[in-house]
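Trainee: I'm new to this one. Could you walk me through how its labels are earned?

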Amino acid sequence: MTTDKLKDRVAIITGAGSGLGAECARVLASHGAAIAIVDINQDAAASVAAEIDSAGGKAMAIRTDVSSEDEVRAMVEQVMNRFGRIDVLHNNAAVLDVNQRQKDRDICNLDMDAFDRAIAVNLRGAVLCSKYVIPVMLKQGKGSVIFATSGLGAQGDLSLTGYATTKAALNMLPKLVAAQYGKLGVRGNAVQIGLAPAENAHSSMPPELLNILRDNHLTPELGTPRQIADVVAFLACDESSFVTGTTLVADGGFGSHTPSLVAMRAFFEQSGRGSM
């Protein structure tokens, strides 16, 4: 389904060369927005931009290391030179590749280079992009800044210490954006994203792990990238004009229940008592 609710708007999406970022770019473009595909992988960014262009949309690809202030400043200048305005910033970029996962462990076994890399990309990158985009929005008198966070920023887990720390901080940034610039027309919100892997990512995760996660969701299945992108599109457009300074949870209910719920359900079913 396509609409024009983002017609004549310009959106920057970081980490948009693949995964959730790419899907957000496609969905926002389908609603009429011109998209700046920002990614450290130029070829990946160019591929997504070409896909949007071929579908009748408008997109440009910009290779950017979001942890570099000079590169972020230059990226924003390129977007302004091409499109002349910026209405939406989706701070989606995050580092979570296989090598990072192996090193970003529990605190006692944490590789500090991996921790620093998580801080630099996930948190510093979001702050830098906001620092250079918000002034453009202030001149326009309107804008929506969106941060991608995670349940790992709200709940303790066995590993990914650096990643979790950055995602917790990203829950504060929309409150700061709203408090500092809300009266001037700029909104700040975050999306707490649950497990919504692309279909080709399912094969890279052990089936047993997927089953555990699926059991802890309160929806029949795990999420999809499109479901997350639809939430981002909502926060990007005027339909959410009265929503700011908050974190919208899109995790299929994963973080909403007691840790014992799955085991308790199994107990009552096995005992023949039915569910509670």
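Mentor: Let's take a buried residue, some salt bridges and a pocket in turn. This is a predicted model, where local features need pLDDT of at least 70, side-chain atom pairs count only at pLDDT 80 or more, and totals for chains, interfaces and linings use all residues. Residues are numbered from 1 along each chain as its sequence is written, and side-chain values use heavy atoms, with hydrogens and water left out.

Trainee: Why is Gln192 called buried?

Mentor: Buried means under 20% relative accessible area, exposed over 50%, and partly exposed in between (1.4 Å probe, protein chains only). Gln192 has 10% relative accessibility, so the label is buried. You'll find Gln192 in strand 6 (residues 186-193); strands (E, at least two residues) and helices (H or I, at least four) are DSSP runs, numbered from the N terminus.

Trainee: What does Gln192 touch?

Mentor: Leaving out residues up to four places away in sequence, the contacts of Gln192 include Thr149, Ala154, Leu248 and Asp251. Contact means heavy atoms within 4.5 Å.

Trainee: What makes Glu239 and Lys5 a salt bridge?

Mentor: The term needs a side-chain nitrogen of Lys or Arg within 4 Å of a carboxyl oxygen of Asp or Glu. For Glu239 and Lys5, the closest N and O atoms are 3.6 Å apart, so the pair passes. The two partners are 234 residues apart, with Glu239 in the loop between helix 9 (225-236) and strand 7 (246-250) and Lys5 in the segment before strand 1 (10-14).

Trainee: Why is Glu239 called exposed, and why is Lys5 called partly exposed?

Mentor: Glu239 has a relative accessible area of 54%, so it counts as exposed. Lys5 has 25%, so the label there is partly exposed.

Trainee: How do you know that Lys131 and Glu69 meet in a salt bridge?

Mentor: Their N to O distance is 2.9 Å, so the 4 Å limit is met. Lys131 is in helix 5 (residues 112-140) and Glu69 in helix 3 (residues 69-83), so this pair ties together parts 62 residues apart in sequence. The whole structure has 12 salt bridges.

Trainee: What lines the second largest pocket?

Mentor: There are 13 lining residues, with Asp8, Gly32, Ala33, Ala34 and Lys58 nearest the centre. On a 1 Å grid over the protein atoms alone, a pocket is an open set of points where a 1.4 Å probe fits, with protein on both sides within 12 Å along at least five of seven lines; lining residues have an atom within 4 Å of a point.
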